[in-house]
Each structure stands twice: as C-alpha cells, then as structure tokens.
Amino acid sequence: MINIPRGTQDILPGETKKWQFIESRLEELMKLYNYQEIRTPIFESTDLFARGVGDSTDVVQKEMYNFKDKGDRDLTLRPEGTAAVVRSYIEKKMQGQANQPVKLYYVGPMFRYERKQKGRYRQFTQFGVEAIGSEDPSIDAEVLAMVVHIYESFGLKNLKLVINSIGDIDSRQEYNQALVEHFEPVIDDFCQDCQSRLHTNPMRILDCKVDRDKEAVKTAPRITDYLNEESQAYYNQVKAHLDDLNIRYEEDPNLVRGLDYYTHTAFELMIDDPDYDGAITTLCGGGRYNGLLQLLDGPDQTGIGFALSIERLLMALEQEGIELVEEDPLDLFVVTMGDDADRYAVRLLNDLRKQGISVDKDYLNRKIKAQMKQADRLNARYTVVIGDQELEQQRIAIKDMQSGESEDIALDQIAEFFTK
Ligand code: HAM
C-alpha cells in the first residue's frame, strides 16, 4: 500500500463542505473590502523566494521544496504567496492600473518542509491578501480590521491581535547592530541556528523556539526604542486608526516575523485561550513590506498584507466547538421496483437535475427496504416509489420524509411539485 506523504492530508467529503463554506465566506468578505482574486503558479523560480523571502530565513534555508525541471531550471513549490503576488504585480505592471492601490487576495496550497505537528503541515492552504501601491497608515488599519473581521465572522471569540513595528530599513539597521552587540558575548550558549543568525539575521534570535526562554532574549534591546521619528510616527498613526475602530490589540516588541521583507507594521492574530490544546496558537500573520518591490527590481511602491491557513482556522473552530455547515439534504430519492421502472428513473433523474432538483437512486439492485434506508442515510427530503403500476397510471405518491405524509401527483409533475 502506498501512503499519503507525511505532512499532507486528504480532505474527505463532509470536510470539503466546511472548506467550501469557509472559502465562499472569505470571498464574500473580500467583496466588502473591494479586494479581487489573483491566481499565480504553484511553482516559481527559486530565486524569487531566495531574494524575496530572504536567504537567511528558515523558510528558504530549510523548508523549501526545490527541484530542477527537465530544462535544468531551478524551481520551487511556493512556500508563501506574497513574493509571487509581488512578482506578478511587477511583471504585469500593475502600478499603471487606474485603480490604486491594487487590492488582491488569493487562496491556494503552499509547501514547506516543516516538522509535522498539530496545525503544521507540509502542504497547507493559505488565504492571503496584499494591498500594493499605498503607504498610508489607513490601509494598514484596513488590513488589520479585515483580519479581525474574518475571524469574528466565523464566531471565534478567544482571539488576540498582537502588533509591533519593526521600523524602516534605517531603524532596523541600527537595531540589528544593537542586537549583535547584545548577543555576541553570550552567543555560545545559543543553538547552532542562532549562532549563524547572529550576523545574518539577528532579529530572528528573538523568536527562536529553542532559545526563547534565555535571559539574554528577555533583556534584549527592543525595536521600539530604535524606531526613528518617521517610523514612530507611522506606527502611532496605525494605532490611532485601530483605536478609532475600537480594535483591541497587544503590543509585543519581540514580534519580528519569520520572513525578511517586513518593515513597519507587523502583526499576528493568535488564539487567546490557556486551555488551547494545540502547540500552535498563531492563526494568521502579516505586515508591511516597503522594500520588497524594489528588491525584486520593481517600481518604488510598497505593500501590506497577511495570510492565514484554512487548516489552522478549522482547528480553532473545532476548539471553540463551532459547527460551520448545516446538513445539506437531497431533494428527492427515487426508489424503483423492476427493470422498466429503473430504466424510467435514469431518464427522470436526468430531467430533474436539469431543472435544479438534487436527486439520486439506487445503483446496487437493492430491495425496496434497503433503498428506503439509503434514502434515510442520504437525508432525502422526499421519496417516490416507482413500479409497473406507477408507470402504467403515470401517477406517484411523493412522500415527505419528515412528516411521513404523502401526496398523490402526476409522474410528469415532480419538478412543478418542487418549484411550488
Ligand atoms: P507566515 O507567517 O509564514 O506568513 O504564514 C502565514 C500563515 O500561514 C500562518 O499564520 C499560518 O496560519 C499559516 N501557515 C504557515 N505555515 C504553515 C504550516 N506549515 N501549516 C499550516 N499553516 C501554516 C506568510 O506566509 C506571509 N506571506 C504573510 C503575508 C502576506 N505577509 C504579508 N502579506
């Protein structure tokens, strides 16, 4: 037997209904905020992520599914959506479009070779949003409001929005220098990853899973003390908008995010429940990326966005006991007696389906009683039994499965029965 690859999952009927429900709810919300869908390839040039996401990040160093195609090109299964959307924005010259900023959303599989645990998969489905072409704090606020709105619209309550500013590139440079000076004397006590991060990406030491409880992490300099005037002013304006919108948030100066392109606003939406029985509490993450477009040889434009995985959203819903989808009953089950009736039923089903009625029949030559059981299992709202007599008289009894009552109608009036 060949098994499913580690870290992936089959989403079976029943579960897929929940996914469809979530995806269509997200689409409806996107209309309210005027974001439009973009679809980019599942694989891209490896360079895009190496440059965009950052050579020294865990994603690029350890987690990418890289391969060569038969033309010897270096390709990667996308580990995230932002770099690809920005690539498309640049390539399709979207800065020239009349409607600015360009507000986009996407849904699709992402791939990261990560250690499997609850809420962490090697193939997962991100829903993400990118607003490109504005550097106005009110668009940051719009994106943050949207994140909260999304989760609340599914009925989730135990949530907290955590925000930070990691400043502009100048602020970050000064801050990185301070971090290097702070960690250098004690770096030998840190894990191998942190030791190599010290000079390439010192901010990542702050959210290392291995070293997070070390004293030096707790006493490390804070980015908020290194924000220059402009960065501080931007951050204050974003927070003022959040206050106007009555959006509650916590500030965490150690929230640095795992991808290199972030500047200014960074945020995560987390589960706020001490009894939560999953190791992972981050449901969604994002932030502003002011340097990314130019880094990818694009125009002088900036963006902000976030992504969430549907897997973790489902996990949170399950934890709070929220049922998403109601039973979706079949309109009609046609029970047949004999070959003529069965042959007639094939045509009948075909006609009814074209008139928008969901209908099914037996395909296993079951006895009547077993066919009735099947109708029950499928949760059919109505059943009819067709035999020689019904064919001859061209009349049938249509039975309401809930009340048990039957109504006598003409065989060719079933569709009318449903429309009435
Ligand atoms: P990220 O924090 O790497 O950011 O991922 C965003 C979200 O994707 C996470 O909060 C989580 O819900 C989900 N996720 C990530 N890895 C996994 C996994 N292995 N299994 C299940 N879910 C996962 C980004 O990807 C950025 N592109 C977000 C962004 C958009 N920033 C700006 N625009």
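1. Charge. In this predicted model, negative side chains number 75 and positive ones 51. The centres of the two sets are 6 Å apart.

2. Domains. The assignment gives two parts: domain 1, made of 15–168 + 228–320, and domain 2, covering 332–419. Taken over C-alpha atoms, the centres of domain 1 and domain 2 are separated by 49 Å.

3. Overall dimensions. The radius of gyration of the protein is 28 Å, whereas a compact globule of 420 residues would be expected near 22 Å. The C-alpha trace extends over about 95 × 50 × 50 Å along its principal axes. Both values should be read alongside the 49 Å between the domain centres.

4. Secondary structure and contacts. The protein contains 15 helices and 16 strands. Among contacts with a separation of 6 or more, 69% join residues 24 or more positions apart.

5. Burial and surface. Buried residues make up 50% of the 420 in the protein. The accessible surface is about 22,200 Å², and carbon and sulfur atoms contribute 44% of that area.

6. Ala316. This residue sits in helix H11, which runs over residues 310–319. Ala316 counts as buried because its relative accessibility is 3%, and the cut-off for buried is under 20%. Beyond its neighbours within four places in sequence, Ala316 is in contact with Leu156, Ile271, Tyr276 and Leu283.

7. Ala316 and Ser165. These two residues are 151 positions apart along the chain, and their C-alpha atoms are 27 Å apart. Ser165 does not appear among the contacts of Ala316 outside its sequence neighbours, which are Leu156, Ile271, Tyr276 and Leu283.

Definitions and conventions. Residues numbered from 1 in each chain as written. Predicted model: local features only at pLDDT ≥ 70, side-chain atom pairs only at ≥ 80, totals over all residues. Heavy atoms only, no water. Domains from an automatic or database assignment. Helix = DSSP H or I, 4+ residues; strand = E, 2+ residues; numbered from the N terminus. Rg over C-alpha atoms; globule rule 2.2 N^0.38 Å. Buried < 20%, exposed > 50% of the residue type's maximum accessible area, 1.4 Å probe, protein only. Contact = heavy atoms within 4.5 Å. Areas by Shrake-Rupley, 256 points an atom, 1.4 Å probe, with all protein chains shown as cover. Lys, Arg positive; Asp, Glu negative; His and termini not counted. Charge placed at Lys NZ, Arg CZ, Asp CG, Glu CD.
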